[in-house]
Amino acid sequence: MNSIHATLEILLLLPLIAGVILFFLPEKHLKVKGLTALAVSLVTLYYASRLYFSGVADEQINLVETGFLNRFGTSYIPVSVGSYCMLNLDNLARFIGVLIAFFSVLILLYSIVYVDRNKSLRNYYSFVLLTLWASVCTAFSDSLFMFIFFWGFLGLTLYKLIRGHDEESSAAAKKTFIMIGASDGIMILGIGILWKITGHFNISELTVRTSDAIRFCAFLALLIGSFTKAGAFPFHTWVPDYAKKAPASSSAYLPASLDKLLGIYFLTRICNDIFLLSGWIRLVILILGALTIIIAVMMALIQHDYKKLLGYHAVSQVGYMVTGIGLGSVLGLVGGLFHMVNHAMYKSGLFLAAGSVERNTGMNKLEKLGGLSRQMPVTFICSLIFALSISGVPPLNGFASKWIIYQGIIDFGKGTGIANQLWIVWLSMAVIGSALTLASFIKFISGIFLGRSKTSLKQVGEVHWMMWTPMLILALICTGLGVFASRWVIPAFFEPLAGNVSFIGVWDSSFISLLIAVSIILGISVYFVFSMGRFRRDEIFIGGETNRRDLGFEPTSFYETIRNFGLLRPFYGWAEKKYFDIYDVSKNITLKISHIFSAAHNGILSNLAFWVLAGLIFMFIFLLM
Amino acid sequence: MDQSIPIFVIIPLAASFFISMVGGRIRGFGKTLSVLVFLCTLIIALSYLISGNHASMVYKIGGWEPVGNIPIGIYLLLDPFSGFMLIIINTMAFLATLYSVNYMTKYTGEKYFYTLFCIMVAGLNGVVLAGDLFNLYVFLEITVIASYALVAFGTEKEELEASFKYQILGGMATALILFSIGMIYWYTKTLNIADITKMLASSNDRMLIQFCELILIAGFGLKAAIMPFHGWLPDAHSSAPSPISAMLSGVVIKAAGLYVIFRLFFNMFEITWEISVLITAIGTLSMVVGVFLAIGQWDLKRLLAYHSISQMGYVIIGVGMGMMIVATSGNMALASLAITGGLFHLINHAVFKGLLFLNAGAIEYRLGTRDLNQMGGLFEKMPLTSGTSLAASMAISGIPPFNGFFSKLVIIVAAIQAKFYLLAALAVIVSIITLASFMKFQRYAFFNGQAEDYGKDGIREVPFFMSFAMVVMAVLCLALSLLMIPSVRESFLQPAVDALLGNNEYFMNLLNM
């Protein structure tokens with residue numbers, strides 16, 4: 001039993017055991033439970049990073065042959081099942097493992113104050129730890145059967161981390177779990193087909209060409225799984241609903257960070273390790289990626305509920321990752337994975353900020369809020385950094401990863417396939433999506449933090465330090481990842497995952513950051529030295545919008561123009577009637593079929609007896625034929 | 001051990017007579033005795049399992065030895081497949097009676113309840129042990145006649161109507177079964193299953209045999225409530241008292257229906273392609289149509305009842321695929337995998353569907369309603385019911401780490417391996433709709449705000465014995481996942497599968513002892 005095995009043992013068992021023990025601790029010791037969970041997650045983080053930095057000699061580990069599973073009993077598990085219990089500890093898996101543990105620590109730190117004694121969110125900490133455990137196990141699984149086991153379990157924990165206290169929230173919980181559970185079922189089909197075709201079910205052993213229909217089905221099944229988990233079009237519809245009604249810490253934990261990490265991790269696996277993609281499949285993936293970016297951000301623009309707005313952005317950003325990974329080049333892969341990390345950072349930060357605002361104000365509509373920047377300065381600064389970052393403003397991390405993806409797309413255009421020829425489409429979609437993201441985050445920032453302070457919000461203060469510390473850490477990391485992206489972050493973390501990167505253009509993130517800092521300082525000094533106080537006052541220019549002074553400064557109303565724009569209005573109308581929601585569409589079809597069958601079941605005895613005879617006669621005819 | 005075989009029938013039968021005689025005089029006699037009786041039979045069944053002796057055992061009633069290799073007299077036979085069923089029957093019977101200790105207090109005439117319950121279980125134990133067709137039929141009738149009475153136990157209009165329908169269709173089943181047995185007796189001149197096998201092997205009248213097979217599928221299909229023969233089930237299972245619903249859905253349709261179909265078609269008849277296709281087709285039909293019927297229901301127990309039809313479909317397609325592979329003399333390991341999946345799902349379904357009916361009973365016990373629209377917000381009021389029902393719902397929807405996930409996984413993977421891609425896809429779709437309908441149950445019963453004011457005293461968790469039975473079953477929902485571990489599977493599930501597949505062994509044991 002060497003040190004790797006000891007480390008693994010802690011990673012694979014400690015969160016599970018702790019999570020199960022916490023079930024039996026009464027709910028009145030909520031703080032104790034929270035602190036225990038935090039301690040466990042810290043230990044997990046320590047061991048996960050040790051595993052990451054120390055490296056492993058042998059990437060594939062057989063849990064049975066190494067004696068891991070038989071440690072406590074002599075030999076309950078025969079060696080023959082060893083191939084079902086394979087771990088894969090390559091760079092990517094270990095990297096994802098560290099990130100999972102890292103986000104667990106931050107969310108638990110935040111939760112200790114945020115989650116109060118609410119009866120309908122019972123066993124919160126147990127489920128957070130079990131989520132941590134299952135996520136780490138998912139990331140490390142090499143055997144697809146082990147993978148689907150943990151992956152499916154994550155759907156259950158996701159369901160248990162939202163509280164169904166009223167009609168809307170229980171509907172959201174139901175929808176989430178049905179969609180996730182459905183995708184898991186479909187993935188089982190894909191895994192079964194892979195096993196049938198190749199005779200293997202370990203990710204490291206699989207290399208499949210997507211040449212014929214059955215292989216394509218297998219690919220599609222696995223793609224649906226990863227898309228649903230990550231929340232990409234058209235399987236994304238649970239994300240906004242979940243984000244709207246779940247506690248912010250749950251949203252920050254699962255849909256914003258862990259589900260993205262795992263979904264994109266699995267997408268990387270299927271696109272790079274399991275399947276060899278043909279040009280047409282790349283085209284499909286890129287179309288879905290581009291659609292995800294645009295559709296979700298268009299929906300985000302018209303939202304009034306800031307948590308739902310964030311939920312739509314959690315979808316939109318997935319489009320960039322999907323596009324990056326769909327490109328299939330090293331540049332695209334690095335961009336996609338880097339964007340995945342960045343997105344997890346700023347999006348969970350944004351959810352935590354939203355949770356803080358909601359906790360202190362008790363409101364979740366943008367128009368009811370405003371002017372909180374003075375009362376909640378730390379939350380404001382952090383949110384601003386996150387918002388700029390998600391909108392791709394240099395020198396923050398969102399810019400860095402989007403920039404790499406843009407470069408990847410341009411590089412991709414040099415190829416000859418049909419998807420390559422359309423590179424300008426992917427690029428323009430990505431850039432437009434970024435611009436619209438900025439537009440909707442102006443609404444978010446100005447709606448909550450800027451503008452005239454409302455009298456009803458005078459009492460609001462800053463949140464507890466345990467709640468703003470995670471946000472601050474995330475904001476610092478966002479800045480750090482952006483400033484040192486090309487110098488340090490990409491060579492140190494992402495090149496081991498994908499291969500060496502050669503940028504097309506000249507790009508040095510630190511130098512650019514320096515330039516930006518210098519220009520800001522210059523601007524401020526020009527302001528102070530020359531023209532302080534000598535400006536003219538005029539009407540506010542708002543781009544031709546009617547300024548309704550009577551309502552005060554209300555950013556959300558500006559976005560009504562988009563909604564009422566002739567070309568888009570029908571689409572928004574249909575979207576609100578849920579015509580595009582794959583969940584509602586299939587639900588209606590299912591219920592229609594159900595009604596047809598139910599109509600036949602009127603419970604009249606002679607009918608029932610008739611069916612018996614009909615069945616009997618039908619069987620006779622079948623046999624005679 | 002082989003001397004203890006008749007105990008499975010004798011003790012419950014004797015208990016039922018004692019309860020009907022003494023039960024009215026001594027308070028709590030019925031419940032105590034029946035709980036103890038089922039605990040006792042459960043322990044004996046488990047001891048057979050744990051003994052590791054997987055040979056079949058025969059008990060010859062009255063000590064009548066075969067004459068010239070022709071069996072005369074009544075033989076009871078315990079092989080691993082019967083043992084597997086005995087464990088399901090007696091575990092469920094034990095937990096259901098434990099649950100009834102509190103639950104049945106709201107009914108009058110408790111002693112009749114326990115009397116009938118014991119008769120029903122005695123019949124079920126007899127069905128899985130019987131070695132000849134006629135006794136199988138007799139035990140079957142003992143079971144269903146007791147269950148007619150138990151379905152009508154509430155004696156309200158709805159219960160009586162359900163029981164009436166159940167009796168009429170049950171009567172049709174009886175007629176069909178008896179007719180087919182008569183045909184077989186006329187043709188082979190014997191009733192002993194092993195002897196019939198021998199006779200049929202040397203015959204070449206395919207039409208006649210297939211005719212008997214079809215009649216038997218229809219007759220036992222009625223008992224098992226598979227698709228065109230399911231008409232009685234939704235009414236009967238939803239109107240019966242909840243522990244009886246749990247027994248009917250969890251055990252009776254399996255032991256009196258599926259067990260017999262599997263036993264006869266594997267061990268008595270020769271497996272043919274047409275019959276195996278037919279059985280799989282019926283299973284698929286039940287699986288698909290059952291779930292569509294279930295999702296539209298608002299009566300909780302009716303929803304669960306339709307799911308029983310659908311879940312039986314899974315069991316049948318698992319075993320049916322195995323039959324098709326055997327019929328085409330394909331890969332036996334694959335056939336074994338498919339049948340393992342089917343039987344694994346059978347035991348899993350017994351546990352989680354039993355538990356779901358007990359949960360429905362717990363809700364009805366406190367709220368007095370089965371309508372999902374009138375529930376809501378019970379998550380805080382009934383945490384144990386809520387938690388156990390979540391476990392059962394996850395198990396039936398196939399969410400890891402609960403047992404249903406593994407059995408469905410095995411069935412789906414076996415279907416793909418055998419190139420039945422359509423079956424695999426249907427199994428997944430049905431699984432998704434199952435999840436959707438159980439999410440509906442969870443949402444409307446336990447969350448969703450409170451539908452109405454539940455009165456001043458509020459709703460509390462159910463009493464101890466009811467909670468205890470539910471918790472034990474929820475733990476079983478998790479613990480049965482361990483059957484995936486090969487060493488556990490080989491000592492419990494695999495012998496049952498081998499007993500079905502090794503069709504020679506069964507009658508060898510009956511004849512040459």
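Let's say two residues are in contact if their C-beta atoms, placed from the backbone, lie within 7 Å. One note before we start: this is a predicted model, where local features need pLDDT of at least 70, side-chain atom pairs count only at pLDDT 80 or more, and totals for chains, interfaces and linings use all residues. Residues are numbered from 1 along each chain as its sequence is written, while chains are lettered from A and ligands numbered from 1 in the order in which they are written.

**Exercise 1. Describe the overall build of chain A.**

Step 1: take the secondary structure. Chain A comes to 24 helices and four strands; here helices (H or I, at least four residues) and strands (E, at least two) are DSSP runs numbered from the N terminus.

Step 2: check the compactness. The radius of gyration, taken over C-alpha atoms, goes up against the globule rule, 2.2 Å times the number of residues to the power 0.38. Chain A has a radius of 26 Å, close to the 25 Å that the rule gives for 625 residues, so it is as compact as a globular protein of that length. Its C-alpha trace spans about 100 × 70 × 65 Å along the principal axes.

Step 3: look at contacts and burial. Among contacts in chain A with a separation of 6 or more, 81% link residues 24 or more positions apart. A residue is buried if 20 or more other C-beta atoms lie within 10 Å of its own, exposed if 12 or fewer, and partly exposed in between. By that count, 51% of the 625 residues of chain A are buried.

**Exercise 2. Work out which parts of chain A touch chain B.**

Step 1: count. In chain A, 51 residues are in contact with 51 residues of chain B.

Step 2: assign them to elements. α5 (144–160), α6 (167–198), α23 (582–600) and α24 (605–624) of chain A each supply at least two residues of this side, and α6(A) gives the most, with 16 residues.

Step 3: sort by type. This side of chain A divides into 30 nonpolar, 16 polar and five charged residues. The scheme counts Ala, Val, Leu, Ile, Met, Phe, Trp, Tyr, Cys and Pro as nonpolar, Asp, Glu, Lys and Arg as charged, and the others, Gly among them, as polar.

**Exercise 3. Trace the largest nonpolar core.**

Step 1: define it. A nonpolar core is a set of buried Ala, Val, Leu, Ile, Met, Phe, Trp, Tyr and Cys residues joined through C-beta atoms within 7 Å.

Step 2: find its centre of contacts. The largest one has 422 residues, and B:V127, B:I412, B:A415 and B:C477 have the most contacts inside it. Helix α13 (residues 332–367) of chain B gives the most, with 20 residues.

Step 3: zoom in on B:C477. Leaving aside neighbours within four places in sequence, its contacts include B:V351, B:F352, B:L355 and B:F402.

**Exercise 4. Hunt for unusual backbone spots.**

Step 1: recall the background. Most residues other than glycine have a negative phi, and most peptide bonds are trans.

Step 2: list the cis bonds. One joins A:F233 and A:P234, with omega about 0 degrees; A:P234 sits in the loop between α7 (213–230) and α8 (238–245) of chain A. Another runs from B:P400 to B:P401, with omega near 5 degrees.

Step 3: set two positive phi values side by side. B:A225 has phi near 60 degrees and is buried, with 27 other C-beta atoms within 10 Å. B:K419, with phi of about 65 degrees, is exposed, with 12 such atoms.
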